Amino acid sequence: MCEKCVNAKYVSQKISKTRWRPVSHSSLQQPDIFATGSWDNEDNKISFWSIGNHGSSGMDEGFEGDPQLLCEHKHDGDVLDLQFLDQDRIVTTSSTGAVTIFRHHQNSQTISVSQRWPRVHRYPCDNAPCTGVVCSSPEIVTVGEDGKIIVFRADQEGVIRVIENADSSTIHAVTYLRTTEILTVNSIGQLKLWDLRQQSNSPSQILSLSGDRLPLHCVDRHPNQQHIVATGGQDGMLCVWDVRQGSTPFSLMEAHSAEMWEVHFHPTNPDHLFTCSEDGSLLHWETSTHSDMPSFLQGGRNNSMISRSAMAPAGGNQSLISTWLSGDSSKGRLETTHMLPSQTLSVNSLDVLGQCLVCGTDGEAIFVNRQVPV
Amino acid sequence: MEELDVEPAITNIPAASDGKHLGFAWGPGDILAYETLYMAPGSGCSFIHEVRKDEDIYSPILRKLFNESHHIFVGLQTIREDLPSKNKKTQLVPELNYCLELSSVLVLQVSILLAIELIWNLCEVLFIDAAPAGPLLLHLLDWVRLHKGDVDEKAREVLQSESPAEHHDYWDVVVSYVLQGRFEEARQMLVKQATLQPAARNMYKLMDTLLSKMPFYNPGGTQTLTEFDVKWRHWHEEVDRCLQDNSFASNQHLEIICKILVGDEDTLLEHKELLSTWYHFLVTRLLFCHPTVKPTELHYYAQSCMTMFLDLRSVPEPLDSILLAAFEFDIHQVIKDCSIALNNWWFVAHLTDLLDHCKLLQSHNLHFGSNLREFLLLEYASGLFTHHSLWQLAVDYFDNCPEFGHVYLELQIERVPLDTERKALKVLRICEQRQMSEQVRSICKIMAMRALRNNRLGSALSWSIRAKDAAFATLISERFLQDYCARGTFSDLDLIDNLGPAMLLSDRLTFLVKYREFHKLYEENRFSEAAKLLLSLITAKIAPRSFWMTLLTDALPLLEQKEVSHSAHCALHCGFGHDLCFILQ
């Protein structure tokens, strides 16, 4: 991967979250617009940026210029999580415990607050930061430091459901496992499965690491094989779990030397995984079942890591076993590449769609790479 | 105490009334002032005024500058020590230049950035490139050209007009080009005039020849400085001859240009407006009078040029004295003057660091411990720490101050407000990476207390696990046990049932987990195991005193169970008896 493909744009705000606007499945367009949220400012903002990929086929290098700011809007409190609800709206969660839907008006390039739920996450006498959100329009699920899981519907006042005391520690992230099931990760190293159809306030399954119960910070589900989940935590280890079997992770890989903030499977090419961390690195993981090396290996820093599995794969019919779960190193090979040219301050967030990757750092910089080798 | 260099600036606090006494206290980046009743009758005032330095130094543009320069700074520190300093210079200086150009292009009104860029480029030419006589003038010419952008603008305007040679700024542009030594462009402009005046064709041809034949020193060539000097004098004489011959007498403008070429000071001074600054005058004068000027001679010319150019009445500005100090190769004076003149330590800190890395700065120790470079970096970083967002950059600067950096960091990091867990985690990571165990403990304790106050026992426990704080873990377990006694059931079972090896952090915690396990076994009717566990709990004596009665009460139903083994039965009886005596004592 050439180092020149990645340019830093300094934006005078520390970026806590960055997400691509979804592209419609029918078109083969590369993503064009992404949103960012800032943190640790006296006046935080959410912003929309464009990289100008208006349907142009990649005839030239593909990195014509910096992302351009389209519009921005003030945000009350740190933006702790951000998701696109649909093409025009994003949901953000705040350190003040509020959940807000913003609408991006493409014609006038303005942003307005579409709906707001202030102070939904709170303690008896104080606000609690709302740490994570996941949405599947119109349903929105948020989690917070108060250990609550709250379900909303866009365009509907009030909340649909609150699971009080879902967790005695902070819930750091949430994601969908199936349309009615969600996964949360918390500060004592547990992965919990919740079935939203049930009325009970306890998880249907709890999985945890077998050793030290270190906090888990991020979770993502394999796009095609819904039982495979990846998490990252305080020690920078990448864990891959099979939620159908066992209560401990399937494989553990040393990834980073500090907290891993986000982990993402590539949505259309799930043999590729991306992680970013407090240690300032962004890693691109690729598994392959072929015995020869992938041809994308070029100069730059490149680590060849072999996955260490926590236990041998269960016997039986393994014809569809994912390469992520294969504990046998001879069956598959895992390559990792550093995607940022040099050490930066913490990379807080990343998102990948098509061939484009965007990430934001505490060094107040955004990096966009339009030629991710997937 | 040393003498003051400048009079201290007076800041009025508008809200404070006249004649009142003010008390004050220093803060990390500001001063708190308040009115006192010290010996003055009357009512008190309940306000506290916060006096801060200009906040505009943290504008978005400057934030970009700070972040980019931080990136470069960190890169510079990690360059291998054995690299010759020349390599270091060539790698880092262009990056910083780009950074400065970027910022000055973006906000032209920020004159201070332009001044900084001017000073920086001059320091680069004189100190870092350290050009000897010959190339020195060429570098200085580049320097001047870089900072005089309006010539190109004017030229564009003239060239885009219908008849450039008749434009009212035409001759200004030509003369400006000549003053900057840009003879190619000057000649191209003159051609336009020449075509308009066919009668004066010979005159223009002569001027063109003179301009084209002026020798410029070629650093890469084989010509020595002496040879160049000879050639130049030869050319100079030729120009002088043209002047004496009145070759250009009929054309006032060409005559002026000829005088400039010969280095006539009065003519140069007549064009003050085009030169606009004394240092432009200096470089131009050197170009036409002393092109082989040596670095050591610079300050003579600089001083005299400044005197000639500036009005007798005008006071030299801080920028002028800084540039003069640079021409005198007095690095320390440059740094000192910049520190006073600029309201932010950014420039001097980075300049000093770069000079230090190029081994140009003799580190003389200051009265108070560290050397100059470290002092400036510490000041800069301390300023960054007072900013709500830029404090993270400061950490790397402190890391690179070997003497006091660690201490400064320890003191400052505790002041960072911890609003969210995520921020606390980042601060913790910084402390852990630097083995600041006391700060780690104190931050974890703050977060754990906060969690406890909000009844988030799991969070509190995870913070004590991080700090390996056994005492706090005990406190939390006590809370759990109290809850149990109060309500008869355990709360937060998901936590207690899934602690794993973390339960060994404190005895009380272990007891809690085991006690819960006991209850689980009992509920599952696994009485013999339950009994064994209870026995071990009693004998291990990790239970708190307040719980002994409860344990004994729990033992009672077990004694009635048939499944409990005979030995366990006896042991329980003994244990029961033993403890009963103990309690009754």
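**Entry 1. Salt bridges within a chain**

I took a salt bridge to be a side-chain nitrogen of Lys or Arg within 4 Å of a carboxyl oxygen of Asp or Glu, and helices to be DSSP runs of H or I with at least four residues. I note at the outset that this is a predicted model.

I looked up the pair B:Glu517 and B:Lys514, whose side chains meet in a salt bridge at 3.5 Å, N to O. I found both residues in helix α26 (residues 507–523) of chain B; because they are three residues apart there, about one helical turn separates them. B:Glu517 is partly exposed, with a relative accessible area of 31%. B:Lys514 counts as partly exposed too, at 24% relative accessibility. I also recorded a network, in which salt bridges that share partners join A:Lys17, A:Arg19, A:Asp81 and A:Glu262.

In chain A, I looked up A:Arg178, which forms a salt bridge with A:Glu181; their closest N and O atoms are 3.3 Å apart. A:Arg178 counts as partly exposed at 38% relative accessibility, whereas A:Glu181 is buried at 12%.

**Entry 2. The interface of chains A and B**

I next turned to the contact between the chains. I found 48 residues of chain A in contact with 37 residues of chain B. The two chains bury about 3700 Å² between them, and 46% of that area is on carbon and sulfur atoms. On the chain A side, A:Tyr10, A:Ser168 and A:Arg213 lose the most area to chain B, together 18% of what that side buries.

How many salt bridges does the rule find across the interface of chain A and chain B? I recorded six; over all chains, the structure holds 40.

I then examined A:Asp40 and B:Lys423, whose side chains meet in a salt bridge at 2.7 Å, N to O. A:Asp40 lies in the loop between β3 (33–39) and β4 (44–50) of chain A, and B:Lys423 lies in helix α21 of chain B, so the pair joins two chains. Are these two residues buried or exposed? A:Asp40 counts as buried at 6% relative accessibility, and B:Lys423 is buried at 3%.

I also noted the salt bridge between the side chains of A:Glu259 and B:Arg429, at 2.8 Å, N to O.

**Entry 3. B:Leu425**

I located B:Leu425 in helix α21 (residues 421–433) of chain B. B:Leu425 is buried, with a relative accessible area of 4%. Leaving aside residues up to four places away in sequence, I found that B:Leu425 touches A:His172, A:His217, A:Glu259, A:Trp261, B:Trp463 and B:Arg466. I also looked up the separation of B:Leu425 from B:Ile116, which is 309 residues apart from B:Leu425 along the chain; their C-alpha atoms are separated by 37 Å.

**Entry 4. Helix α28 of chain B**

I checked the length of helix α28 (residues 548–559) of chain B, which has 12 residues. From its first C-alpha to its last it reaches 17 Å, close to the 16 Å expected at 1.5 Å a residue. I listed the buried residues of α28(B) as B:Trp548, B:Leu551, B:Leu552, B:Asp554, B:Ala555, B:Leu558 and B:Leu559. Seen down the helix axis, the buried residues of α28(B) fall within an arc of 160°, so they line one face of the helix.

**Entry 5. Annotated repeats in chain A**

I consulted the UniProt record, an unreviewed entry, whose annotation "repeat: WD" covers residues 209–251 and 253–295 of chain A. For residues 209–251 of chain A, I found the end C-alpha atoms 11 Å apart. That span is 0% helix and 44% strand.

Methods. Residues are numbered from 1 along each chain as its sequence is written. Chains are lettered from A and ligands numbered from 1 in the order in which they are written. This is a predicted model: local features need pLDDT of at least 70, side-chain atom pairs count only at pLDDT 80 or more; totals for chains, interfaces and linings use all residues. Side-chain values use heavy atoms; hydrogens and water are left out. UniProt positions are given in the numbering used here, feature names are shortened, and annotations may be inferred rather than shown by experiment. The expected span of a helix is 1.5 Å times one less than its number of residues. Buried means under 20% relative accessible area, exposed over 50%, partly exposed in between (1.4 Å probe, protein chains only). The arc is that of the directions from the helix axis to the C-beta atoms. Contact means heavy atoms within 4.5 Å. Buried area is the accessible area (1.4 Å probe) that two parts lose on being put together, summed over both.
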